[in-house]
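Trainee: I would like to go through the contact between the two chains. Could we start with the area and then move to the pairs?

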Amino acid sequence: MAADRAPATLTQATGATRGTVGESTLRPDGTLKVTGEFAYSSDLWHEDMLWGFTLRSPCAHAAIRSIDTAGALALPGVCAVMTHDDLPAGTHYGLEIHDQPVLAKDRVRFHGEPVAIVAADHPETARRAAARIKVEYEELPLVVDEATATAPDAPLLHPGRRDHHASHVPHPNIVHRQPVRRGDVAAARARADVVVRRDYEVGMQDQAFLGPESGLAVPAEDGGVDLYIATQWLHVDRDQLAPVLGLPADKVRLTLSGVGGAFGAREDLSMQAHACLLALRTGRPVKIVYNRYESFFGHVHRHPAKLTYEHGATRDGMLLYVQCRIVLDGGAYASSSPAVVGNAASLSIGPYVVENVDVEAIALYSNNPPCGAMRGFGAVQACFAYEAQMDAVAAELGLDPVEFRQRNAMSQGATMPTGQLVDSPAPVAELLRRVKALPMPPGRAWEAAGGPVDVRALPGGLSNTTHGEAVVRGVGYAVGIKNVGFSEGFDDYSTARIRLEVIGGEPVALVHTAMAEVGQGGVTVHAQIARTELGVDRVTLHPADTRVGSAGSTSASRQTYMTGGAVKHACEAVRAEVLRRGRERFGASRPAWAEPDRLRLEDGKVVTDGGEVIGDLAGILGEEAIDLEREFRHRPTEPFDLRTGQGFGHVQYSFCAHRAVVEVDTELGLVKVVELAAAQDVGKAINPLSVVGQIHGGSTQGLGLAVMEEIVVSRDGARVRNPSFTDYLIPTILDTPAMPVEVLELADDNAPYGLRGVGEAPTLSSTPAVVAAIRAATGLPLRRVPVRPEHLTGG
Amino acid sequence: MRVNMRVNGRPYEADDVWEGESLLYVLRERLGLPGSKNACEQGECGSCTVRLDGVPVCACLVAAGQAEGREVVTVEGLADHARQRSGEAAGTVRPGEPEEGHPETPGTPRQPEPTRPGQVAPLAPVQQAFIDAGAVQCGFCTPGLLVAADELLERNPDPSDADIREALSGNLCRCTGYEKILDAVRLAAARTGEAV
Ligand code: FES
Ligand code: FES
């Protein structure tokens with residue numbers, strides 16, 4: 001029998017690594033992760049545990065005529081089968097709009113929608129039971145694109161919708177619409193010497209995190225439930241779960257379990273409600289682990305997009321106007337589509353100064369798989385198109401593409417098309433200069449001087465179908481702009497609780513937040529911040545759970561800023577309390593105590609700015625711990641005007657530039673990215689090693705979108721064709737080149753330590769840079785990603 | 001059915017194994033060794049890589065019965081395995097204390113203190129190198145990569161970058177972009193090379 005793997009303790013970062021803000025401190029959970037002892041959500045185990053499984057719809061759009069569960073229930077080992085009719089309370093959930101059924105009732109809207117759930121004593125029994133559930137479907141006409149969504153007789157995906165976007169969208173099959181208007185595009189067009197208008201398309205990318213959706217729900221004696229779960233935001237999961245379970249929020253307790261990557265895909269609920277429902281129904285712990293096939297149906301994807309862009313410029317290379325339309329396919333349910341639309345619209349022209357803009361972004365409801373958050377969140381699709389346009393306009397003008405970008409690059413003090421002033425550093429031209437100045441990788445490295453051709457380094461690699469006869473090289477550049485944190489007036493905050501106490505004669509700080517560590521290294525930087533602010537060596541991290549206030553989502557590059565800010569804030573309060581106690585106790589004898597602003601905590605001591613030690617933490621604290629909780633908010637933002645898109649919508653911007661060098665076999669249509677260099681401004685690198693790691697990871701996902709990653713949905717049936725790692729390709733170590741990184745640290749005065757969110761910006765520009773390089777190598781227009789071999793061979 | 005095998009040097013016996021179960025399922029769910037990861041269970045990602053009689057395999061593609069009577073090494077046994085290979089005495093060195101004659105490579109971060117309470121055995125060089133080089137983010141790919149990388153270094157103590165890429169091409173990682181993973185394998189090779 002397996003040992004009991006107590007979920008709460010094993011993901012705890014027990015590490016005693018050292019290091020303060022600005023140092024490349026090592027991960028506190030590193031040892032657990034390299035020894036295989038870190039408890040990911042799929043590793044959890046409980047005495048008497050059952051396995052859950054989900055029956056999913058084989059049709060993309062159908063009426064459910066009947067569901068017969070008798071055959072499943074009759075199978076030995078099956079403990080519960082639940083359908084929509086068995087739900088105890090709420091029937092729908094959603095991040096913003098509660099339009100997603102926990103289990104489909106009389107209609108399914110996408111291929112893979114959950115219809116029934118089973119709990120059994122072995123995962124295979126659960127699977128077999130689900131296969132014995134008989135569901136009668138009657139297929140309905142499909143909505144698959146803008147034309148079918150807005151046709152006069154289009155079936156409505158959510159008839160009678162009453163969400164707050166419903167009143168201003170032009171059609172009920174449009175989730176949200178955001179225009180951005182500034183200046184006078186018609187007048188500018190009349191003055192333009194060069195006009196370039198083109199259509200672009202971005203395929204549906206998947207986050208493809210490695211750790212499958214999974215978790216363990218344990219019914220509690222008080223009638224509530226404890227859920228151990230891999231998620232990005234514990235509190236928002238709880239807030240969606242409680243009404244579905246018919247429980248008060250305090251009886252739905254969530255603890256973060258080990259998370260194997262997220263990238264946005266864990267923002268929406270997947271198996272959370274199902275596991276809790278089965279646990280409450282059976283009175284036994286229930287574990288659900290999706291296999292890879294199911295994972296492709298279990299989470300939202302990146303919105304595929306169709307984009308039309310028109311740029312006008314003067315002969316001397318100054319942009320006059322941009323007009324664009326971005327159509328995002330949100331799939332069957334809203335998820336975070338409204339916010340993705342806001343991002344796509346407000347960031348649609350890129351990090352450039354353009355006086356006249358006319359932008360419209362919309363997201364559709366359709367019968368395609370639901371789309372929502374993925375790293376880059378609406379900015380990725382736009383960046384692919386506007387950067388392709390920048391190259392095209394530069395070519396029309398006969399200008400160097402980098403030079404052209406630099407001429408139009410925004411900098412601090414610029415105005416966004418939303419009217420927002422860019423009030424912190426925006427080193428766009430400098431980032432481009434930096435990537436351009438990096439030394440070029442050697443050409444035709446596979447053709448070692450005099451030696452045999454190393455086929456491993458050729459496009460196509462070991463498949464050894466070429467010896468380099470038709471290989472050409474190209475270089476491409478791109479740069480992007482991404483917002484950090486939640487925008488458009490969202491009350492974005494995070495909470496941290498800090499306990500400072502003496503253990504074994506030494507002061508120890510305990511950091512308790514609900515931040516989801518999804519791999520990004522938040523646990524490392526929070527410990528660094530606590531060490532820096534409190535001058536202690538030993539920092540322990542409490543497991544993330546809902547027993548402390550919300551930390552918000554691990555997304556939008558916001559956790560170092562927000563929860564890092566909360567940890568800093570709470571530590572400052574603890575420090576003030578330390579000084580207050582010290583002053584109370586020792587103030588009479590040492591006048592230095594009267595000036596707290598001139599005191600700091602260092603190496604467990606209270607030190608004056610002159611370096612004099614006037615007390616030590618252990619002495620001041622004694623038996624009495626200090627335990628304080630604080631919330632941190634970034635400065636407020638405001639919603640975009642629904643007609644003009646004007647408004648102070650984003651709290652912070654981050655910028656990254658890429659240079660891609662590719663080799664293309666023009667006969668075989670194969671691409672090898674030889675090098676992908678990046679330059680990014682991070683404001684302040686709290687942990688330089690992690691910063692570079694994030695830039696590498698983000699760049700690689702962008703490379704994937706450029707040349708291989710796409711969920712293929714059949715045109716006729718809206719069915720997912722490639723839900724496996726055999727057919728949905730993510731870059732391997734052979735597909736991923738050397739990635740030199742230049743990090744700039746230009747402080748943003750509004751942010752803690754001056755930092756800038758890091759994780760997302762590199763996913764933007766890597767895609768257009770790679771495609772620009774392929775265009776440079778081949779001369780082909782390439783207006784769609786991912787670029788496939790047939791696009792390169794003309795087949 | 002009943003399956004007997006040696007895992008990480010110890011005998012294990014699993015009862016009531018259904019014939020469709022994979023070696024991965026038996027390791028994770030029946031033997032209490034969840035270190036090998038279940039990222040695809042299709043043989044595509046390498047997260048479940050273990051050594052079966054010394055050969056790296058995807059445990060998700062091996063039927064449990066095929067492991068009968070055989071020798072399995074998982075990430076949980078990697079440190080012991082590395083120690084046996086280098087002929088060191090077990091259980092004497094704590095991680096974080098650079099071993100004698102095992103100087104730290106210049107420019108690498110200091111090794112961390114022991115991070116598991118009660119842990120006495122040092123990590124395998126490749127494990128420590130993954131931590132030091134920043135090759136671990138979410139870490140889900142890490143166990144499989146470590147087993148594959150350790151096997152590579154056993155075969156080829158001084159691999160070229162192309163060798164490393166080839167050896168690890170069956171292991172997907174979604175977080176790191178692989179640069180740091182390459183660094184880690186180079187670092188492990190350098191440290192091991194210096195130690196002998
Ligand atoms: S889990 Fe075995 S190869 Fe992916
Ligand atoms: S998959 Fe997350 S670190 Fe490799």
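Trainee: How much area is buried between chain A and chain B?

Mentor: This is a predicted model, in which local features need pLDDT (the predictor's confidence in each residue, from 0 to 100) of at least 70, side-chain atom pairs count only at 80 or more, and totals for chains, interfaces and linings use all residues. Side-chain values use heavy atoms, without hydrogens and water. Buried area is the accessible area (1.4 Å probe) that two parts lose on being put together, summed over both. Carbon and sulfur atoms give 59% of the total, which is about 5200 Å².

Trainee: Which three residues supply 15% of the area that chain A buries against chain B?

Mentor: The contact (heavy atoms within 4.5 Å) takes 75 residues from chain A and 59 residues from chain B. No other three residues of chain A supply more of its buried area than Val34(A), Leu210(A) and Ile733(A).

Trainee: Which side chain of chain A meets Arg28(B) in a salt bridge?

Mentor: A salt bridge needs a side-chain nitrogen of Lys or Arg within 4 Å of a carboxyl oxygen of Asp or Glu. The rule finds six across the interface of chain A and chain B. In one of them, at 2.8 Å from N to O, the partner of Arg28(B) is Asp43(A).

Trainee: Over which residues of chain A does pLDDT stay under 50?

Mentor: Chain A averages a pLDDT of 95, and 97% of the residues score at least 70. Where pLDDT is low, the predicted coordinates should not be read in detail. The stretch under 50 in chain A is residues 6–15.

Terms used:
Residues numbered from 1 in each chain as written. Chains lettered and ligands numbered in written order.
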